[in-house]
Amino acid sequence: MVIVRPYLPLLWPSYTLFPLAGLVALYFGVTAREGVMIAIGIGFLALNAATVVNYAYFTRVWIEGDQLVYRTFFGTHRESVPIGGLQRIDAKRYPGAHSGVSAPHFVARGRDTIVKVNTKPYRLSDFAGLISALRTANARMELDPFWTRVANGEDVTKEVALTPRSRS
């Protein structure tokens, strides 16, 4: 069974920089004896801890039985597509900040359902084994050029395609 899990070192802002906001709010709340500010600081820290725990233990993409399954949000959000009905895997990108693009999404399109995974917290090379297992189970499945290169073991981390700017 091939399981793809987030790579925690890629989430370093979640457990290094973001807790600083909670600690600063907590510090100012304690020094000023302000209960609301203390609650905000604790809330920031709790939200940050929940995010890291969710990615570390509850978020994964894997093959379960005869389906490709993506589960996240402490196991409450589940997307699945039957492997036999899997038609294409695309790398959908969305406009990002500073005229760039987002990390490629792993979009598995079936006949009736779609599994969409933002690959930012994942190592792309981890998807090569999953794609190989999917191709073994469903030889008719198509891959777009990006995921074809990932499946072949090529380094695609340097690929950047700029989003066209609006004409307004």
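How many bridges join strand E3, residues 67-72, to E4, and in which sense do the two strands pair? The pairing of E3 and E4 is antiparallel, and it extends over six bridges. I shall return to that pair after a brief overview. Please bear in mind throughout that the model is predicted.

Allow me to begin with the overall composition. The protein contains five helices and eight strands. Along the sequence, these elements follow the pattern β-α-α-α-β-β-β-β-β-β-α-β-α. Of the 168 residues, 32% are buried. The exposed surface amounts to about 10200 Å², and carbon and sulfur atoms supply 59% of it. As for contacts with a separation of 6 or more, 50% of them involve residues 24 or more positions apart.

I turn now to the sheet that includes E3 and E4. This is an open sheet of four strands, in the order E1-E2-E3-E4, and its pairing is antiparallel. Strand E1, residues 3-4, and strand E4, residues 77-82, are the edge strands, each pairing on one side only. Between E2 and E3 there are five bridges, again in the antiparallel sense.

Individual residue pairs help to locate the register. Ile63 faces Leu68 of E3 across the pairing, and Leu68 in turn stands opposite Val81 in E4. The two hairpins are also worth a moment. The hairpin of E2 and E3 has two residues between the strands, and Gly65 there adopts a positive phi near 65 degrees. In the hairpin of E3 and E4, four residues lie between the strands, and Phe73 takes a positive phi near 55 degrees.

What lies across this sheet? Helix H4 lies across E1, strand E2 (60-64) and E3, and runs at about 20 degrees to E2. The buried residues of H4, which spans residues 127-137, are Phe127, Leu130, Ile131 and Leu134. Those residues are on the same side of H4, because they cover an arc of only 95 degrees around the axis.

Leu130 illustrates the packing well. Apart from neighbours within four places in sequence, Leu130 is in contact with Val2, Val4, Val61, Trp62, Ile63, Leu68 and Phe106. Two of these names, Ile63 and Leu68, have already appeared as residues standing opposite one another.

This brings us to the nonpolar interior. The largest nonpolar core comprises 26 residues, and those with the most contacts inside it are Ile89, Phe106, Phe127, Leu130, Leu134 and Trp147. Two or more residues come from each of E2, E3, strand E5 (86-92), strand E6 (105-110), strand E7 (114-118), H4 and helix H5 (145-151). H4 makes the greatest contribution to this core, with four residues.

Next, the strands around E5. E5 and E6 are antiparallel partners, joined over six bridges. E5 also pairs with strand E8, residues 142-143, through two bridges, and in that case the strands run parallel. In this second pairing, Arg88 stands opposite Glu142 of E8.

Within E5, I would draw attention to Leu86. Is Leu86 buried or exposed? Leu86 has a relative accessible area of 3%, and therefore counts as buried. Its partner across the pairing is Gly110 in E6. Leu86 and Gly110 are 24 residues apart in sequence, yet the C-alpha to C-alpha distance is 4.2 Å. Not counting residues up to four places away in sequence, Leu86 touches Val81, Ala108, Arg109, Gly110, Leu134, Asn138 and Met141. Among these, Val81 is the residue that Leu68 faces in E4, and Leu134 is one of the buried residues of H4.

Finally, let us consider a polar residue, Asn48, which lies in helix H3, residues 35-58. Why does Asn48 count as buried? The relative accessibility of Asn48 is 10%, and therefore it falls below the 20% limit for a buried residue. Leaving aside neighbours within four places in sequence, Asn48 contacts Ser14, Tyr15, Phe18 and Pro19.

To close, let me gather the main points. The open sheet has the order E1-E2-E3-E4, and H4 lies across E1, E2 and E3. H4 gives four residues to the largest nonpolar core, while E5 pairs with E6 in the antiparallel sense and runs parallel to E8. Thank you for your attention.

Definitions and conventions
Residues are numbered from 1 along each chain as its sequence is written. This is a predicted model: local features need pLDDT of at least 70, side-chain atom pairs count only at pLDDT 80 or more; totals for chains, interfaces and linings use all residues. Side-chain values use heavy atoms; hydrogens and water are left out. Buried means under 20% relative accessible area, exposed over 50%, partly exposed in between (1.4 Å probe, protein chains only). Contact means heavy atoms within 4.5 Å. Accessible areas come from the Shrake-Rupley method with a 1.4 Å probe; for residues, only the protein chains shown count as cover. The arc is that of the directions from the helix axis to the C-beta atoms. Two strands pair if DSSP finds at least two bridges between them. Axes are lines fitted to C-alpha atoms, for helices over the stretch in contact, and angles run from 0 to 180 degrees between N-to-C directions. A nonpolar core is a set of buried Ala, Val, Leu, Ile, Met, Phe, Trp, Tyr and Cys residues joined through side-chain atoms within 4.5 Å.
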